[in-house]
Amino acid sequence: MSNLSARIEAFYGFLWPFLAEEQTRYAYLDEPPGGRPMSTLLNAIPARRGMKAGSRLVDVGCGKGRQLVELARRHEGDFIGVDPLDQNLELATGRALQEGLHQRMTFLKGGIEQLPLESASVDFVWCLDMLNHVEDLDGAMKECARVLRPGGSMMNCSALATDLLEPREAERVTSGVGFNPATLSHERMTAAYESAGLRVVEFGTTTEEGSPFLEAFDEGLARHALRFGKVLRARSRVEARLGREAFELLCAYDQWNIFLMLGKVTYGVWVLEHASGRSASTGPPRP
Ligand SMILES: C[S@@+](CC[C@H](N)C(=O)[O-])C[C@H]1O[C@@H](n2cnc3c(N)ncnc32)[C@H](O)[C@@H]1O
């Protein structure tokens with residue numbers, strides 16, 4: 001029997017009995033694979049790293065301030081949001097006021113390339129879902145290290161490619177969503193942390209079994225696959241209503257989320273410590 005015939009036989013030998021009993025015997029395949037909501041996992045990090053009354057945390061690329069408000073609700077201390085876009089800062093300021101947290105929150109315009117903060121002035125740098133947009137990764141990490149006080153910590157959560165992502169897919173999806181493709185490389189991220197003197201103290205991805213940062217599966221991601229399939233079939237009709245550029249951006253956004261669901265991309269969570277500083281857990285400075 002040829003290799004191909006053997007594979008066909010193996011495939012249907014599995015498939016027909018499986019389909020016959022799919023409903024009755026294999027319901028467990030649809031069970032949630034575990035994990036917790038990402039916000040719960042991430043929000044616990046600053047406290048673990050010693051965030052307390054009097055501490056200062058900066059959220060770089062704070063967007064509309066969603067996460068920063070959550071952090072301010074759960075922790076004592078002062079919170080600074082930095083973002084290059086005025087419209088984001090306006091929305092974030094409105095959110096802080098609405099939540100009654102504005103007295104402990106400040107919003108500043110700026111980017112990670114040149115943070116509007118004094119050197120050694122914050123205890124925690126928080127980068128959530130923003131570092132993939134950055135061109136000069138080494139410069140950005142050095143800037144984060146600059147503003148950290150000795151003993152300070154940092155959290156970065158940004159996307160990484162897995163072995164399932166093919167080079168042409170990487171090129172297409174990163175250009176669509178405005179990502180620097182180099183930031184999808186674990187090795188490249190590690191080199192940037194090292195060059196800035198930031199030591200990795202915790203790491204895990206959001207999708208790997210056994211990871212400390214395993215995120216609960218988001219069934220909502222399937223919506224992107226359904227929409228992507230539909231708009232591709234109605235391309236000229238949708239393009240005429242949405243405009244060509246917006247159509248391409250929508251496709252890039254949906255494809256990104258489909259790749260996430262398929263495990264072609266994942267998110268890495270790194271907890272970092274300013275290497276020249278003191279460890280929050282060990283107390284005295286290392287020799
Ligand atoms: C996907 S949003 C994430 C927002 C927020 N961190 C969150 O998780 O809800 C990416 C954010 O990064 C900001 N951003 C893009 N380039 C940046 C840069 N060079 N420095 C700082 N922020 C940047 C964008 O303005 C946007 O608010």
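Select residues 58–154 to begin: this stretch is 34% helix and 29% strand, and its end C-alpha atoms sit 9 Å apart. UniProt lists these residues as "domain: Methyltransferase type", in an unreviewed entry. Keep in mind as you click around that you're looking at a predicted model.

Stay in that range and pick R149 and D123. They form a salt bridge, with the closest N and O atoms 2.8 Å apart. Show the cartoon as well, since this pair links distant parts of the chain: R149 belongs to strand β5 (residues 148–161) and D123 to strand β4 (residues 122–128), 26 residues apart. Are the two buried or exposed? R149 counts as partly exposed because its relative accessibility is 28%, and D123 is partly exposed too, with a relative accessible area of 23%.

Next, jump to D254 and R227. Here the closest N and O atoms of the salt bridge are 2.7 Å apart. This is another link between distant parts of the chain, with D254 in helix α12 (residues 244–262), R227 in helix α10 (residues 221–233), and the two positions 27 residues apart. Turn on a surface and look for D254: its relative accessible area is 0%, so D254 is buried.

Now select E70, R73, R74 and E99 together. Salt bridges that share partners join these four into one network.

For a last pair, go to E21 and R25. Their salt bridge has its closest N and O atoms 3.2 Å apart. E21 is partly exposed because its relative accessibility is 30%, whereas R25, with a relative accessible area of 51%, is exposed. How many salt bridges does a search of the whole structure find? It turns up 15, among them the E21 and R25 pair.

Time to zoom out and colour the whole chain by secondary structure. You should have 12 helices and 7 strands on screen. The C-alpha trace spans about 70 × 50 × 35 Å along its principal axes.

Switch to colouring by burial, and 43% of the 287 residues come up as buried. A contact map is worth a look too: of the contacts with a separation of 6 or more, 76% are between residues 24 or more positions apart.

Finish with the surface and the charges. The accessible surface comes to about 16100 Å², and carbon and sulfur atoms account for 53% of that. Colour by charge and you'll have 32 positive and 38 negative charges to look at, with their mean positions 3 Å apart.

Notes. Residues numbered from 1 in each chain as written. Predicted model: local features only at pLDDT ≥ 70, side-chain atom pairs only at ≥ 80, totals over all residues. Heavy atoms only, no water. UniProt positions renumbered as here; feature names shortened; annotations may be inferred. Helix = DSSP H or I, 4+ residues; strand = E, 2+ residues; numbered from the N terminus. Salt bridge = Lys/Arg side-chain N within 4 Å of Asp/Glu carboxyl O. Buried < 20%, exposed > 50% of the residue type's maximum accessible area, 1.4 Å probe, protein only. Contact = heavy atoms within 4.5 Å. Areas by Shrake-Rupley, 256 points an atom, 1.4 Å probe, with all protein chains shown as cover. Lys, Arg positive; Asp, Glu negative; His and termini not counted. Charge placed at Lys NZ, Arg CZ, Asp CG, Glu CD.
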